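Biologist: Please put the structure up, and I will ask about it piece by piece.

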Amino acid sequence: MRCPFCGHAETKVVDSRVTEGQDAIRRRRECLSCQQRFTTYERREEMPLMVLKRNGSVEPFDRGKLLRGLVVATANRNVPVERLEALITEIEAELQNSLNYEVQSRQLGDMVLRRLKDLDKVAYIRFASVYKSFQDLDEFTSELKDLQ
Ligand SMILES: [Zn+2]
């Protein structure tokens with residue numbers, strides 16, 4: 001890491017701590033040539049999650065689309081939208097942690113169903129009855145709308 005003041009290539013780390021949000025490590029560095037100090041941050045690289053659809057195409061994981069599907073499935077069920085958002089965040093985290101950046105749409109549907117089952121039985125049945133027979137979430141969401 002080059003010193004931003006004199007361009008010298010060698011520095012030493014004088015302090016290293018996790019940031020308040022726990023999502024980065026902040027390091028204070030001191031240039032071995034001019035002794036000036038500067039700060040660097042180290043963060044985990046966020047990998048984009050991709051969904052492999054049944055027709056073979058791949059598209060980026062879309063939180064909004066999944067949330068819309070869940071909102072429809074839980075209509076009139078008194079499930080707060082925050083719970084649905086938390087469910088999606090949980091799935092995202094599980095995929096990121098397993099280093100599984102490409103997920104099959106069916107696998108994604110199963111992950112949703114497992115959690116929905118604990119959250120609300122009716123929503124689970126709505127989601128399950130329709131989801132299983134569909135190619136992807138687009139088709140699924142429009143079908144659910146027709147049911148209402
Ligand atoms: Zn320097």
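Biologist: In which loop is the place of Gln35?
Modeller: This is a predicted model. Two strands flank Gln35: β2 covers 24–31 and β3 covers 37–43. The place of Gln35 is the loop between β2 and β3.

Biologist: Does Gln35 count as buried or exposed?
Modeller: A residue with 12 or fewer other C-beta atoms within 10 Å is exposed. Gln35 has 10 C-beta neighbours inside 10 Å, so Gln35 counts as exposed.

Biologist: What is phi of Gln35 near?
Modeller: Gln35 is a residue other than glycine, and its phi is positive. The value is near 65°.

Biologist: Which residue in the loop between α1 and α2 has phi near 55°?
Modeller: This phi is again a positive value in a residue other than glycine. The residue has 6 C-beta neighbours inside 10 Å and therefore counts as exposed. Its place is the loop between α1 and α2, and the residue is Asn78.

Biologist: Within what arc do the buried residues of α1 fall, seen down its axis?
Modeller: Helix α1 spans residues 63–73, and its buried residues are Leu66, Gly69, Leu70, Val72 and Ala73. They line one face of the helix, because seen down the axis they fall within an arc of 160°.

Biologist: How many other C-beta atoms lie within 10 Å of Val72?
Modeller: Val72 is found in helix α1. A residue is buried if 20 or more other C-beta atoms lie within 10 Å of its own. Val72 is buried, and its number is 20.

Biologist: How far apart in space are Val72 and Arg126, C-alpha to C-alpha?
Modeller: In sequence, Val72 and Arg126 are 54 residues apart. In space, their C-alpha atoms are apart by 9.2 Å.

Biologist: How are α1 and α2 oriented to each other?
Modeller: The axes of α1 and α2 are 10 Å apart, and the helices pack at an angle of about 135°. Their crossing is right-handed. From that angle, α1 and α2 are therefore oblique.

Biologist: How many nonpolar residues has the contact of α1 with α2?
Modeller: On the α1 side, the contact is made by Arg63, Leu66, Leu67, Leu70 and Val71, and on the α2 side by Val81, Leu84, Glu85 and Ile88. By class, no residue there is polar and 2 are charged, while the number of nonpolar residues is 7.

Biologist: At roughly what angle do the axes of α2 and α3 cross?
Modeller: Helix α2 covers residues 81–97, helix α3 covers residues 105–119, and their axes come within 10 Å. The angle makes α2 oblique to α3, and the crossing is right-handed. The axes cross at roughly 140°.

Biologist: How many charged residues has the contact of α2 with α3?
Modeller: Helix α2 contributes Arg83, Leu87, Glu90 and Ile91, and α3 contributes Met111, Val112, Arg115 and Leu119. By class, 5 are nonpolar and none is polar; the number of charged residues is 3.

Biologist: In what order do the elements of the protein chain run from the N terminus?
Modeller: The secondary structure comes to 5 helices and 6 strands. From the N terminus on, the order is β-β-β-β-β-α-α-β-α-α-α.

Biologist: What share of the contacts with a separation of 6 or more joins residues 24 or more positions apart?
Modeller: The protein chain has 148 residues, of which 20% count as buried. Among its contacts with a separation of 6 or more, residues 24 or more positions apart account for 46%.

Conventions: Residues are numbered from 1 along each chain as its sequence is written. This is a predicted model: local features need pLDDT of at least 70, side-chain atom pairs count only at pLDDT 80 or more; totals for chains, interfaces and linings use all residues. Helices (H or I, at least four residues) and strands (E, at least two) are DSSP runs, numbered from the N terminus. The arc is that of the directions from the helix axis to the C-beta atoms. Axes are lines fitted to C-alpha atoms, for helices over the stretch in contact, and angles run from 0 to 180 degrees between N-to-C directions. Angles under 35 degrees count as roughly parallel, over 145 as roughly antiparallel, 65 to 115 as roughly perpendicular and the rest as oblique. A crossing is left-handed if the near helix is turned anticlockwise from the far one by less than a right angle, and right-handed if clockwise. Two residues are in contact if their C-beta atoms, placed from the backbone, lie within 7 Å. Ala, Val, Leu, Ile, Met, Phe, Trp, Tyr, Cys and Pro count as nonpolar, Asp, Glu, Lys and Arg as charged, and the others, Gly among them, as polar.
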